[in-house]
Protein chains: 2
Amino acid sequence: MNALQFIKILTTFESPLPSSPRELLIRVSSAGICNTDIEITRGYVPGFSGIPGHEFFGYVESVPYPVHNRLIGKRVTAEINCACGNCSFCNQGLSRHCRNRTVIGIVNRDGAFAEYISVPVENVVLIPDTISDNNSLFIEPLAAALEIQEQVKILPEHEVLILGDGKLAHLVALTLKPTGCRMKVSGRHEWKAQLLRDRGIDALVNRQDIPDRVFDIVIEASGSPAAFQEGLAKVKPRGTLVLKSTYVQSFSFNPASVVVNEITLIGSRCGRFAAAIAFLEKERPDLSYLISKRFPLVEGIAAFAAAQQPDVMKVVIDCR
Amino acid sequence: MNALQFIKILTTFESPLPSSPRELLIRVSSAGICNTDIEITRGYVPGFSGIPGHEFFGYVESVPYPVHNRLIGKRVTAEINCACGNCSFCNQGLSRHCRNRTVIGIVNRDGAFAEYISVPVENVVLIPDTISDNNSLFIEPLAAALEIQEQVKILPEHEVLILGDGKLAHLVALTLKPTGCRMKVSGRHEWKAQLLRDRGIDALVNRQDIPDRVFDIVIEASGSPAAFQEGLAKVKPRGTLVLKSTYVQSFSFNPASVVVNEITLIGSRCGRFAAAIAFLEKERPDLSYLISKRFPLVEGIAAFAAAQQPDVMKVVIDCR
């Protein structure tokens, strides 16, 4: 089958079909390029070699045991953390943090920029017919955005600031909108702000307008260390700063302001796909506006180049 | 009256009696030296000049209005954050974080290393007769220790690690003991560990014994930046690291592990005195064991020198 692979450099190649006797084989329809994929190709994700890609949907091609036959032909995606089921974290219900986990397209496991992908049966998630193909591509990042609400109770009276205007910031804003909280999104690009305003979200480009120490909750979704410091300045005493981005480099930090102002910092990563599917079924957003460009799998290198341009949001690779 | 004052250097001096027409005058009995006081004398608390000291008890000498006459002669202490009552934080119930606050002996307000101290009436806290004088000296730091339990729910099944073996670490451990949580205290001094063991608390000196990523809650109470990093290593995914110390210097930090492991970092500072008084009344600890040395006020300079020795816990200045 055709696939994109990263072994020090990103290449298209002819790969053997994945074959894992206890797993399920999915024929991939489409997969989105995420910032983590770009970081992989820049060598920022140490130790990964193989096929990247973890935001995808496709159709079940074959199953390991007859008991799973009903899944054949179904439209599905897959939770990205593949747990061992035996370690102390798995035993405590922390399987997304399993000590021995592989992660689809990120840690020791081939991903979705290929015609087929093999995944553990327990990771497979059926996509209801009411959810469009385009919306299906956002189940994984929507789950990550919704994870915030599993960690922090967000109420209508809360003043919330989202730092960033990229894809993740948009998904965070869209998932927070139903809470009724008083929300602002602060970014750097007028056109991205306009896309949010078109969806009824208060989006700003000029951050100087935003006062310090007034927000109950600040969500850092820009990936910039400067935004981390800005978030600390904007959150009010006893408020919460949610860290939704990782950073390539360390930076100088003095937690005194965290202690004196009794700030809560919460790291937030992946979320439950069930929450994302429930959100898509209930709110019926059309996330197609976030898709800037599409490329066939054989043009995967060009797709990655396009995804790194400043004027795009999501770039999708169509695998069949 | 005699007092200790810090204006670039710490001196004993003859001060006029404090006189503030709307405040209450307390004759100070005793006051404990806290690490913050030592940091003030090292110039680490920018802008403070005056009389330090904020852990104290005394007897009400005079009151501003007849309505307060019943307080005269009563044994009291005072909440250290003096709020304006008018700013946006005060209006939101965040008076301990008041934008215009003074802090007794720390920010723009004279403290307790003196024969008399003047405090706002609303800050005065009556000390019940069931609480000994020695225990009364620990109301302020006990309130800070108990603040942790206002921020984090601590249950019997939780594995808790306290980093540090100083006064604050001891108070944190003593206040956590009634929760029934599975607690370890990790310090550097065998004699301080033994004092904890004498009180039924599991205290370790050799930190190498402690596994990584197993604690639901880690409390950093040592003031060492190395312990901050250690705390991040010891807490398990989705666990909580409580920052109870401030640090003089910034250090290099990469929040990636906070995000990937979904750690919650909580800054924790002062607490409610009512909670400390309730703890002392209910648990009836004898905190005298934490008092290493006592000095009269006129030997205040020697008291500060003693408080900076490695072999002491709390040093108390007797002001009358």
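**Confidence.** I began with chain A of this predicted model, for which I noted a mean pLDDT of 93, with 100% of its residues reaching 70 or more. For the model as a whole I wrote down an ipTM of 0.82 and a pTM of 0.88.

**Relation of the copies.** I then asked by what turn and what shift chain B can be laid on chain A. The superposition gave an RMSD of 0.0 Å after a turn of 180°, with a shift of 0.0 Å along the axis. I entered this as the relation of a two-fold axis. The same surface serves both copies, since I found that 98% of the contact residues of chain B recur in chain A.

**Extent of the interface.** I looked up how many residues each chain brings to the contact, and found 42 from chain B and 41 from chain A. Between them, chain B and chain A bury about 3,500 Å², and 56% of that area is on carbon and sulfur atoms.

**Polar and charged pairs across it.** My next query concerned pairing between the chains, and it returned 17 residue pairs in polar contact across the interface of chain B and chain A, with both residues of each pair at pLDDT 80 or more. The count of salt bridges between chain B and chain A is two. I recorded the one that Arg238(B) forms with Glu147(A), in which the closest N and O atoms are 2.0 Å apart.

**What chain B supplies.** I went on to ask which elements of chain B supply at least two residues each of the side that touches chain A. They are helix H4 (139–151), strand E14 (235–243), strand E15 (251–253), helix H8 (256–260) and strand E16 (264–267). Sorting the residues on that side of chain B by kind, I obtained 19 nonpolar, 13 polar and 10 charged.

**Salt bridges in the whole structure.** Finally I widened the search to the whole structure, where 28 salt bridges are found over all chains. Among them I picked out the salt bridge in which the side chains of Arg75(A) and Asp133(A) meet, at 2.6 Å from N to O. Arg75(A) lies in strand E5 (residues 75–78) of chain A and Asp133(A) in helix H3 (residues 133–136) of chain A, so I noted that this pair ties together parts that are 58 residues apart in sequence.

Notes: Residues numbered from 1 in each chain as written. Chains lettered and ligands numbered in written order. Heavy atoms only, no water. Least-squares fit on C-alpha atoms with pLDDT ≥ 70 in both. Contact = heavy atoms within 4.5 Å. pLDDT = per-residue confidence, 0-100. Buried area = accessible area lost by both parts, 1.4 Å probe. Salt bridge = Lys/Arg side-chain N within 4 Å of Asp/Glu carboxyl O. Polar contact = N/O pair within 3.5 Å; in protein donor to acceptor, adjacent residues only side chain to side chain. Helix = DSSP H or I, 4+ residues; strand = E, 2+ residues; numbered from the N terminus. Nonpolar A, V, L, I, M, F, W, Y, C, P; charged D, E, K, R; others polar.
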